[in-house]
Amino acid sequence: MGRPMTGAVQAGAARPMTAVSAAGYSSSLTRGPAFDPLGQARGPAPPLEDKNEDTPEEKIKILEKKVNDLVLESCIAQSSGNFQLALEKAKEASRKERTLVRQREQSDKADQINIDLYGSVLLNLANQYENNEMYPEALQNYKLIVKNRLLQNAGRFNVSMANIYVKQQNYMEAIKLYQKALDQIPNTFKELKMKIMENIGLVFVRIGQYPKAIIYFEDIMSQSPNTKTGYNLVLCYYAIGDKERMKKGFQKLISVPLGFDEDKYIPSNDDDSTDMFTEAIQNDKLHQMERNLKQRSEKYIMTAAKLIAPAIETTFAAGFDWSVDVVKSSQYTDLADDLEIIKAVTYLRQKDFNQAIETLKTFEKKDTRAKSTAGTNLSFLYFLEEDYEQAERYADVAMSTDRYNPGALNNKGCTVFVKQEYEKAAEFFKEALRNDSSCTEALYNLGLTYKKLNRLEESVDCFLKHHAILRNSAEVMYQLANLYPSLLEDPQQAIQWLMHVISVSPTDCGVLAKLGQLFDDEGDESQALHHYTESFRHFPCDIGVAAWLGTYYFKKQYFEKAIKYFERATLIQECFTDVTVSFFNVRSRFAPQGITTQALETYKETHQRFPEDIECLTFLVRLTNDMGLEEVQEYANKLKKAEKMREVREQRMKAGREGSGRGWREGSAGSAASEMDVKAVPHPESKQLDPLLDSGGDRSHSGGSAKGERLSAKMRSLPVSNEPYETSAPKELDAFYVDPLGPQMERPKTGRQEAGGGR
């Protein structure tokens, strides 16, 4: 029925409306203002008023922004390495900052000076002066910062000034400022204080005050231990010779925690999401930083162990055994095998090869990463002993443990090279280079292999790449000097490369002799004389050099000098016939000058040393005949017998004379820069263990028979005078010797590694 109605309702009357009208709304257009809450009906807003930049406040704001921008530009230039531009920007920022301060003072707003901006400008300027090595100006600006008490923590900049004094080697002043900074820095900055204490200890080490340095290092190791400080502490103990403290310091060093957990990078294989996360962080920046930290710690430990092992016990072997036991019980257990490798290398340095081999053989049954390194070193040792079967065996062992070991691949290639399987050797050398492009030994051996295969262009490419990596390798430059005349027929290129060799090894007599030969072939006798003389000065036992010098001075009619060189040659190799012929010709020059008696005595003495020499007997017959001596018939009979014996000897050596003119020329290089065929692979950290291998050049044959043949031809081409004691042109004598067993096998260089190589 509903609610009862209130009030009287007239009959026929409409019910009144009770709703309230909305604000601002009207049903009629004529009633009230239109609904316009945003005021859009009144038209567009008036334009903004222009900012008045002439006011002091606006000028100060604009200038302050310019100063900040200049400081930022200076920092960016410094980060890009343009220190000069950074200094210019810093100076400009300093000038504008002073202008800003003056404007504030003129505007009576000196109390609003931005002290932080002042400090940043001054600090940046000091840094840029220091980067440009303008140390007095940098110190002046740092002092302004330290003296300003309004700047917070300004005392820490004493460290910056102390660093500059260290660079200037003013160590006492540096220590004072370090200690002052240590006192002014609050204890809340613990890490910074530890770094300052470390700097103080290092400065004490610089001036040799090891006990004071030990105090600071021990304090750091007790509060905040780290491997770098522990390593420095062990070095100080070693410097003062305290064995017990060396042991304690080493134990502290290996007990320093790494500061991170490596297990988080190992996949669990239980949860896919966890494995995905582990895979994502395997090679991120944090993991790379942690790996670098671990590698640095291992380097400190290995270096400290190598240093103290010979000092802490009566023998170095006992010291290494103690170090190995300590390392095995620490978190660096993998380093124990590396220490064993270093122990074997130490045996090698002391030339105790048996102990070294026994130590390395202990790794043969171990399944560790050091097995490959031990196999490489064993292969190297057996190769030096020319036991190529064992060398190949241990190279295979090293390769089976680590197929990507470049040293093992290089050794394998060397053993194959010895078998003259050059194509197969080249494949091993190329594989070693694919695994490690910095393995210069494999690159050198590959060049020599191509040379054996007569692929000269590829050989030159290999040696040029090697030269680009190692600019001062005399062996590489000598190989290039030997290849260019064969490849391009350009002796000038060979001369240039040999000049580079001389700049690196100025006392190499073989290279000097080779240069003299090239200049002689080019007709430059002055340069040839210079280099032959230098070669003779460094190595006066080269027959070819002495013979050339004697011939040169003989042609120039300096007979006294010529005699000196020919006498030297006859002392070196008494059976070198060409030299004795030249010596006889020189003596014949003295006979017309009234020195016949001296010449006769010389020929008699020479006949006693060379009883079958035909030229000597010929001169004796002529001299005794001209002087009317009774010995003429005796010498004539001896001459006939010698000629018959010579004919028999020539018939016997006829077959071996045809191809023998080649070997001696290659041997003229003499020393380490001679025709070296294969190079040993040294471990990157053990260059001092690289032994001298057979270089394929024999000093006693430097100059060779090819050179002697050329000198003999020159002697025969000398002008013949009409003097009574001048003999006719000597017949060509055979001075060659062919080894019936053939040439000696050339030995390639091998590779080996030592501790830490991981190859």
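How many Å should the 14 residues of helix α23 span at 1.5 Å a residue, and how far apart are its end C-alpha atoms? Helix α23 occupies residues 491-504, and at that rise its expected span is 20 Å. The end C-alpha atoms lie 20 Å apart, so the two values agree. The model in which this helix appears is a predicted one.

The burial pattern of α23 can be read alongside its length. Its buried residues are Ala494, Ile495, Trp497, Leu498, Val501 and Ile502. These residues cover an arc of only 170° around the axis, and therefore they lie on the same side of α23.

Helix α23 belongs to a chain whose secondary structure comes to 33 helices and 0 strands. The chain has 759 residues, of which 45% are buried. Among contacts between residues at least 6 apart in sequence, 59% join residues that are at least 24 apart. The chain exposes about 41,800 Å², and carbon and sulfur atoms supply 50% of that area.

Two acidic residues illustrate the local detail. Asp520 is located in helix α24, which comprises residues 509-522. Its relative accessible area is 11%; because the cut-off for a buried residue is under 20%, Asp520 counts as buried. The side chain of Asp520 also takes part in a polar contact of 2.9 Å with the side chain of Trp548.

Glu601 is found in helix α29, which comprises residues 596-609. With a relative accessible area of 46%, Glu601 is classed as partly exposed, because that class lies between the limits of 20% and 50%. Glu601 and Leu620 are separated by 19 residues in sequence, and their C-alpha atoms are 9.6 Å apart in space.

How far these details may be trusted depends on the confidence of the prediction. The mean pLDDT of the chain is 76, and 73% of the residues reach 70 or more. Two segments call for separate mention. Over residues 657-742, pLDDT stays under 50, and the model has 212 contacts beyond four places in sequence for this segment. Over residues 752-759, pLDDT likewise stays under 50, and here the model has 46 contacts beyond four places in sequence. Where pLDDT is low, the predicted coordinates should not be read in detail.

Definitions and conventions. Residues are numbered from 1 along each chain as its sequence is written. This is a predicted model: local features need pLDDT of at least 70, side-chain atom pairs count only at pLDDT 80 or more; totals for chains, interfaces and linings use all residues. Side-chain values use heavy atoms; hydrogens and water are left out. pLDDT is the predictor's confidence in each residue, from 0 to 100. Contact means heavy atoms within 4.5 Å. Helices (H or I, at least four residues) and strands (E, at least two) are DSSP runs, numbered from the N terminus. The expected span of a helix is 1.5 Å times one less than its number of residues. Buried means under 20% relative accessible area, exposed over 50%, partly exposed in between (1.4 Å probe, protein chains only). The arc is that of the directions from the helix axis to the C-beta atoms. Accessible areas come from the Shrake-Rupley method with a 1.4 Å probe; for residues, only the protein chains shown count as cover. A polar contact is a pair of N or O atoms within 3.5 Å; within protein, one must be able to donate a hydrogen and the other to accept it, and residues adjacent in sequence count only if both atoms are side-chain atoms.
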